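Q: I am new to this structure and would like a close look at one part of it. Please start from a single residue and then go on to a helix and its surroundings.

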Amino acid sequence: MSDKIVLLGSGELGKELVIALKRLGQFVIACDSYAGAPAMQVADEFEVIDMLDGDALDKVVAKHQPKLIVPEIESIRTERFYSYEKQGYTVVPSAKAANFTMNRKLIRDLAAKDLGVRTAPYQYATSLEEFKSAVAKIGMPCVAKPLMSSSGKGQSVIKTEADIEKSWQYALDGSRGDLMEVIVEGFIDFHTEITLLTVTQNNGPTLFCAPIGHRQDRGDYMESWQPCAIRSKDLKEAQDMCAKVTEALTGAGIWGVEFFIANDGVYFSELSPRPHDTGMVTLAGTQNLSEFELHARTILGLPIPEITQERAGVSAVILAEAESSETPVFTGISEAIKDPKTDIRIFGKPTTRLYRRMGVTLAYDEINTDMDALRKKATDCASKVSVK
Ligand SMILES: Nc1ncnc2c1ncn2[C@@H]1O[C@H](COP(=O)(O)OP(=O)(O)OP(=O)(O)O)[C@@H](O)[C@H]1O
Ligand SMILES: [Mg+2]
């Protein structure tokens, strides 16, 4: 096996991870479906492949014989990961974690049925008839999602009878791959939504970062802030759920575990076995080690003596306003970062789509700062940037 790391997925999270890995002297091959992807811009080498094509994946693994295979996205032919493990490769955090989390059914049944973790009530459907009866069982309002999708694709809230058929079709159209199955979940009337970044280590205890609060629109990430104040009882419960689920999925790495916090307690929603988009807030220096540095250290088996909260921070997204195949032009950057304690990260994506995430603005201050004011500061900064 070579000393190389193969990164599967080369978006903004991959880019920051590659920077962290390069700082630790690593050699990284960044893969994605198009050339010039953000992580490729900072990696040693790149490969353009369809990561849902198992044979293409096999070829890249055989060619580079990496010491680590590091997924950065969900949409990969993860079934192949099991055979890479059998061949002696290390998949981060594990083949099981990557495979289970790309399918809502696998991870939901593991959490709710096998581990007894509290989730929204749910039902599955493979036809309109089943879908109607699932909605009837769960009750309205409820949320429909394709089993395989991310960033809110194909997801909708059903409030009345009239929404049911539309919602079914929308879920099918937004489904990734060949799996035509939908989950219907009870709508959780949460007051706060958090990500708990969890670090599992091969030779050390499981560590938790301070909760990250976040806001989603169209099922997609808009802004996140850390720390997010929640009741210590809720935090403890969420940490216990993180420990259970990550232990069952196995492996070392950082995990973004998503929870809804309602008046009646904590609900596990889903998790990603890799750096999480809401964790970009750690780029504001909120912690001694960012989520990318934590991931890099733990997958390399390096020590993490402690995780400390250094300041309060917010990250707010900069979205493209239209589709274009031309190189995006950013305006308003100097206006956006003219105030102290603000910053920006431009991802360097070569083209745009409506609502494509192109960058984030960051704002930070002392730990006990007024978080609402800091959130406003970060989102105001983001609103000054436009992408044409
Ligand atoms: N059962 C629910 N009740 C209330 N809100 C929900 C529910 N399920 C999802 N949502 C809202 O939609 C958002 C996206 O849902 P979810 O995380 O399941 O989808 P996703 O497509 O996997 O998103 P991503 O991959 O970007 O994390 C959630 O963060 C939450 O704001
Ligand atoms: Mg989510």
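How many C-beta neighbours does Leu172 have inside 10 Å, and what does Leu172 count as on that basis?

A: The model is a predicted one. Leu172 has 15 C-beta neighbours inside 10 Å, and because 20 or more would make a residue buried and 12 or fewer would make it exposed, Leu172 counts as partly exposed. The residue belongs to helix H7, which runs over residues 164-173. Glu335 is 163 residues away from Leu172 along the chain, and 42 Å separate the C-alpha atoms of the two.

Next, the division of the chain. Domain 1 covers 4-91, domain 2 covers 121-186 and domain 3 covers 190-387. Between the C-alpha centres of domain 2 and domain 3 the distance is 27 Å. An unreviewed UniProt entry annotates residues 109-300 as "domain: ATP-grasp". Across residues 109-300, helix makes up 28% of the chain and strand 33%, while the C-alpha atoms at the two ends are 31 Å apart.

The helix to look at is H5, residues 104-114, whose buried residues are Arg104, Ile107, Arg108 and Ala111. Viewed down the axis of H5, these buried residues fall within an arc of 95 degrees, so they line one face of the helix. An α-helix has 3.6 residues a turn, so residues three or four places apart point the same way. On the face of H5 turned away from the buried side are the exposed residues Lys113 and Asp114. The buried residues of H5 pack against several elements, including helix H4 (95-101), strand E6 (122-125) and strand E7 (142-146). Strand E9 (182-186), helix H8 (232-249) and strand E15 (265-272) are also among the packing partners of H5. Just after H5 comes Gly116, with a positive phi of about 70 degrees.

Two of the strands that H5 packs against, E7 and E15, each supply at least two residues of the shell around ligand 1. In total, 18 residues surround ligand 1, and the closest are Ser150, Glu185, Ile188, Gln216 and Gly219. By type, the shell around ligand 1 has four nonpolar, eight polar and six charged residues. Both domain 2 and domain 3 give residues to this shell, so ligand 1 lies between the two domains.

Note on methods:
Residues numbered from 1 in each chain as written. Chains lettered and ligands numbered in written order. Predicted model: local features only at pLDDT ≥ 70, side-chain atom pairs only at ≥ 80, totals over all residues. UniProt positions renumbered as here; feature names shortened; annotations may be inferred. Helix = DSSP H or I, 4+ residues; strand = E, 2+ residues; numbered from the N terminus. Arc of directions from axis to C-beta. Contact = placed C-beta atoms within 7 Å. Near = placed C-beta within 6 Å. Nonpolar A, V, L, I, M, F, W, Y, C, P; charged D, E, K, R; others polar. Domains from an automatic or database assignment.
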